Amino acid sequence: MTTPAVETLGLSKTYQGQTQALVGLDLRVERGEVFGFLGPNGAGKSTTIRLLLDLIHATSGSALVLGLDSRRQGVEARRHMGYLPGDLRLNDRMTAGEQLDSLERLRGRADDRLRAELCERFDLELDRPIRHLSKGNRQKVGLVQAFMHRPELAVLDEPSSGLDPLLQNQVRELLRETAADGRTVFLSSHSLDEVQHAADRVGIIRSGRLVDVDAVEHLRERALRHVTIVFAEPVDGKRFEGLDGVRVDAIEDSVVRLSAPEPAMDAIVKEAAAHRIVDLVSQPADLEEIFLELYEEPSGAD
Amino acid sequence: MPTELARRGVLDHRRALIGWCLGIAGYTLLTSSIFPSFKGSPDLTQLVERYPDALKALFGISGGGISTGAGYTDAELFSLMLPLIVLVLAIGSGARAFAGEEDAGRLELLLAYPLRRRDAVLAKGAAIAVEVVVVCLAGFLALALWSAVFGLDLSIGRLAAAMGSLAALGLLYGWLALGLGAAVPSKVLALGVPAAFAAAAYLVGGLYTLADWLKPFRFLSPFWLVGQSPLQNGVDGWGVLVVLAAAVVALGAGSLLVERRDLETP
């Protein structure tokens, strides 16, 4: 159990006649962590995941999953993996329960207690045909099947899509428990918010290249937030410019718009408190913006 | 375990399969029930027998004409309709089983499970075989019954062999469609190529007697290989074996080639 959960060496994928989808990926995911794989759409996240599952074949390089070669020992590796596809397509004519039964038989292994527990936890309606289920309920079926055999490595492609915030929380909880159990979660997402709540470490991928791997808290410290402060009366916005890491984006009368990383928040609030505040909103910048800020020189071959 | 894919393949189509069986029983009933009136009207029989050779060859009218039960059933059912029914079912199922499922994005999850792709293809091949055999068996039982009811006086042994040869043809084109879909991610190809091959082979098998230049190609026609007018002439056992061997090759090639390619996302 000392091998890493995922280890790729120069993993590359070029689709026929197209640009490089993945370029020399060197990635190491340790056992027992929730690893967030973050990048904008089309960055190569799904390509990486599909390589790990041997759904597609690498142009060069290799991937070890739980110490097994994803290509030559793929069946053995997948025995210990659970997968939630980014675009989950189920058999619409079955009920959720029948679909899970069928997948259990396909795997040849079942843990009925764990499955029942997961179904209850996600409040899954087992006897309704899948075609009548909402996107969120289908996603629940996908989550249950990915975890119902206690996988050593769960690979989830955008797991929160279609889920309401309450369920997103439940998913995060499940991921935390899985990691606490010594098992591993590989989580892809284009949302920094999702990843930073669920993951321990984050790999950032852009244009098929891994640009950074960092602990979540470091990333959060560096990631920009947009702060909008509405004052009761017009103020001199310039006073915020002197603060460390803070950029003044706009001053409109009594409204000041700033961009700043999290560690600067305290100083901003203290500075603003000198005046009467009507409203204060702070929200994360979107991923593209953060990328531009953090990795200004895109290294990808766009 | 991959056997689940075979099980699912049959169960998911169970309603359609019942429909095909009822259809084949109904169509053979309709055709058989007309036979007594044919038998009782020599004029009509003679009229048909005076058709030009080209038409007769194409409609499978041979030997004893259509005044005997065997000749009538050969011409009305085994020359076109029954092979057509079995092939439409087989090619449709074959193309849907892999290429169709891949197109719909449903293989993404299944192939991420611990099974080899080639086993998935073989399991789906087994499901297609079951479908083809069930429909042919339904056709056999129905015709055996109608033969007794309407006095067609068919030899049960020959009827069984004839339906068996249809099953072999179904298996060939069904597995060809499955194998193609496994080798190349295209439902259009998986449907179109076997259908085109079948149509060409059917025409060659039906018309080679009329066009000398077609004669050397008759060996390439599975329809010719299994033998035509099976109720009057019997089935060519070796031909059926050759067709079955070709079916196995198509399935085997598909199951090997599928390992080499990327699975497509919809």
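**Notebook: chain B and its contact with chain A**

I looked up the secondary structure of chain B first and recorded 13 helices and zero strands. I note that the model is a predicted one.

I then read chain B along its sequence and wrote down the pattern α-α-α-α-α-α-α-α-α-α-α-α-α.

**Overall form**

I next asked how the radius of gyration of chain B stands against that of a compact globule. For 266 residues, a compact globule would have a value near 18 Å; chain B has 20 Å, which agrees. I also took the extent of the C-alpha trace of chain B along its principal axes, and it spans about 65 × 40 × 30 Å.

**Burial and contacts within the chain**

I looked up what share of chain B is buried. Of its 266 residues, 48% are buried. I turned to the contacts in chain B between residues at least 6 apart in sequence, and found that 75% of them join residues at least 24 apart.

**The side that touches chain A**

How many residues does each chain bring to the contact? I recorded 20 residues from chain B and 19 residues from chain A. I then asked which helices of chain B each supply at least two residues of the side that touches chain A. These are α1 (3–12) and α7 (107–110) of chain B. I noted that α1(B) gives the most to this side, with four residues.

Finally, I sorted the side of chain B that touches chain A by residue class. I entered 11 nonpolar, two polar and seven charged residues for it.

Technical notes: Residues numbered from 1 in each chain as written. Chains lettered and ligands numbered in written order. Predicted model: local features only at pLDDT ≥ 70, side-chain atom pairs only at ≥ 80, totals over all residues. Rg over C-alpha atoms; globule rule 2.2 N^0.38 Å. Buried ≥ 20, exposed ≤ 12 C-beta atoms within 10 Å, placed from the backbone. Contact = placed C-beta atoms within 7 Å. Nonpolar A, V, L, I, M, F, W, Y, C, P; charged D, E, K, R; others polar.
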